[in-house]
Each structure stands twice: as C-alpha cells, then as structure tokens.
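Please open the model in a viewer and display it as a cartoon. The stops below proceed from the whole chain to single elements and residues.

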Amino acid sequence: MASFKIRKYRDEDSEAVKDTFTLGMSEHVPSTFMHMLKQPPTQMVLMCIFCALITSSKSFLFPILALTLALAGARQLVVYVFNRHIDTSLSSDLKNISETYLKQKDSCFWVAEVDGVVVGTVACVPAENAPACLELKRMSVRRSHRRMGIAKALGRTVAEFTRERGFAGRRLFTSVVATDAQKLYEDMGYKKIRQFVLPELPAKIMNFTLIEYRLDLHGGGSE
C-alpha cells in the first residue's frame, strides 16, 4: 500500500483540489436521489401521477412512461442542486485557496499526497456564531485512496491545529446521505448536535438534510 503525507496547500495544487472536491460531491448524487424517493411526499406525488394517468388513459404504457419521465426529472433536480453547489464553491472559497485559507487568521488548508499526487483535502476556519470553535471544511478523499487512514490523518491535522491555536473545540457539517462521513466523524469523537433542512426550495423538495457535529476538546473525544 502506498504511503501518504499531509502538507499545507500550495498554489500548484489548485486544479487537483478542485477536481477532488468535484468528484467527491458528485458521488452523492445517487444516494441523494434515493433519499428523495424514500420521502413520503415524493412517493405520494408519484403515486398520484400514476393513479391519475392509469384511470384516465386507455393505455398502460403511457402512465409507465410518464412515471419514468417524472423520475428522470427528479434525478435532474438532484444533479442541478449539486452542480450549483459545486459551481458556487469553485467560484468562492476554492477560487483562491491561498487567499481564503492560508492568509486568514486561524485558517488553513491541507492536502494529502501519494506519490506526488493530491488525493485528499481538508480545511478549517473560525466557526461563525461559535467563536470558541474552528470549523472543519472541505474534507474529501479520492475513492481510489480510501481505507488507507487518510481521512483520519487529515482530521488529526486539524485537531493539532485547533489545539495550537487555543480553540475549545471543532464543528463541521455533513449531509444525511454521507453515511461513511458520519461514521468517520463519530469514530473521531464528534457528537451530533442537530439536523436541519436547507432553506432553498430545491433542498426542501428533496428534504436534503444537513447534520451538525461538534467535538469539545475538553470532552474526552478520541483524536
């Protein structure tokens, strides 16, 4: 198994970081689509469409086709939401990572490197509305390099940075469909604080839920 090293971000890492982030976010499209299909309102709408068409049409094929088109439209909604989030991120904090993270107080950005190739990322910034905490952000590891301990090593890097800067704890947000990430954070000692649906209409339609985790450095969490 190839060894890896964690180091601070350099400007020449920009494209690799953006690619890692984009691929990681895109992986959540299928699970988010399935999450949306499991929601009672979604199932009710699909059932109403099917029943209405099956009773008004003399063809059984037409309702099946309409339902298929509705499912395709629902999946495109998920793709649209994720693409919009990716575009927003690439044009905001990931547009100039050095300016956003390395030149700001109590912020940093690290990459995991294997054989000179960036395969993982993580960042932290002072948490809004929680001045005693740093917020862990942009945690991502390429699928080809998972199960190597890279994510935990990135997490430990943020933990060390947090202690050095004298913050009392850390927080992060992840989605309800990112079950592997949830397990990782819980194994690292993070505690689930709350869940909430994003306020945007597409997110409400999908019932896209975020989970806030927090780790108090004085609470005995494993690092």
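Strands, as the term is used here, are DSSP runs of E of at least two residues, numbered from the N terminus. By that assignment, Ile 193 belongs to strand β6, and the tour will return to this residue at its last stop. The model is a predicted one.

**The whole chain**

Begin with everything selected. The chain holds 8 helices and 7 strands, and its C-alpha trace extends over about 70 × 35 × 35 Å along the principal axes. Of the 223 residues, 44% are buried. Contacts between residues at least 6 apart in sequence are joined in 63% of cases by residues at least 24 apart.

Next, colour residues 62–211. An unreviewed UniProt entry lists this range as "domain: N-acetyltransferase". Within residues 62–211, helix accounts for 43% and strand for 29%, and the C-alpha atoms at the two ends lie 40 Å apart.

**The sheet**

Now show the strands alone. In what order do the 7 strands of the open sheet follow one another? The order is β1-β2-β3-β4-β5-β7-β6, and the pairing is mixed. The edges are taken by β1 (5–8) and β6, each of which has a single partner strand, so that one side of each lacks a neighbour in the sheet. On average, neighbouring strands of this sheet are turned by 25° against each other, direction ignored.

Add two helices to the view. Helix α1 (14–26) lies across β2 (108–114), β3 (117–126) and β4 (133–141), and it runs at about 85° to β3. Helix α7, residues 179–187, lies across β4, β5, β6 and β7, and its angle to β5 is about 165°.

**Strand β7 and its two partners**

Select residues 209–216, which form β7. Why can this strand be called largely enclosed by the rest of the structure? The reason is that 6 of its 8 residues are buried, where buried means under 20% relative accessible area.

On one pairing, β5 (residues 169–175) meets β7 in the antiparallel sense over 7 bridges; label Ser 175 and find Leu 210 of β7 opposite. On the other, β6 (residues 191–197) is joined to β7 by 6 bridges, again antiparallel. Here Lys 191 has Arg 214 in β7 as its bridge partner.

**The helices around α2**

Hide the strands and select residues 28–37, helix α2. Its buried residues are Val 29, Thr 32, Phe 33, His 35, Met 36 and Leu 37. These buried residues pack against four helices: α1 (14–26), α3 (40–56), α4 (61–90) and α8 (201–206).

Keep α2 and α4 in view. Their axes come within 10 Å and cross at roughly 130°, which makes α2 oblique to α4. This crossing is right-handed. From α2, the contact involves His 28, Val 29, Pro 30, Thr 32, Phe 33, Met 36 and Leu 37; from α4, it involves Leu 71, Ala 74, Arg 75, Leu 77, Val 78, Val 79 and Phe 82.

Replace α2 by α3. Helices α3 and α4 pack at about 155° with axes 9 Å apart, so α3 is roughly antiparallel to α4. The crossing of α3 and α4 is right-handed. On the α3 side, show Leu 46, Phe 50, Leu 53 and Ile 54; they meet Phe 62, Pro 63, Ile 64, Ala 66, Leu 67, Ala 70 and Leu 71 of α4. Leu 71 thus appears in the contact with α2 and in the contact with α3.

**Last stop: Ile 193**

Bring back the sheet and centre on Ile 193 in β6. How exposed is Ile 193? Its relative accessible area is 48%, so it counts as partly exposed, the cut-off for exposed being over 50%. Apart from neighbours within four places in sequence, Ile 193 contacts Glu 212, Tyr 213 and Arg 214. Finally, draw a C-alpha to C-alpha distance from Ile 193 to Ile 211: the two residues are 18 residues apart in sequence and 7.5 Å apart in space.

Definitions and conventions: Residues numbered from 1 in each chain as written. Predicted model: local features only at pLDDT ≥ 70, side-chain atom pairs only at ≥ 80, totals over all residues. Heavy atoms only, no water. Buried < 20%, exposed > 50% of the residue type's maximum accessible area, 1.4 Å probe, protein only. Pairing = 2+ DSSP bridges. UniProt positions renumbered as here; feature names shortened; annotations may be inferred. Contact = heavy atoms within 4.5 Å. Axes fitted to C-alpha atoms, helices over the stretch in contact; angles between N-to-C directions. Parallel < 35°, antiparallel > 145°, perpendicular 65-115°, else oblique. Left-handed = near helix turned anticlockwise from the far one by under 90°.
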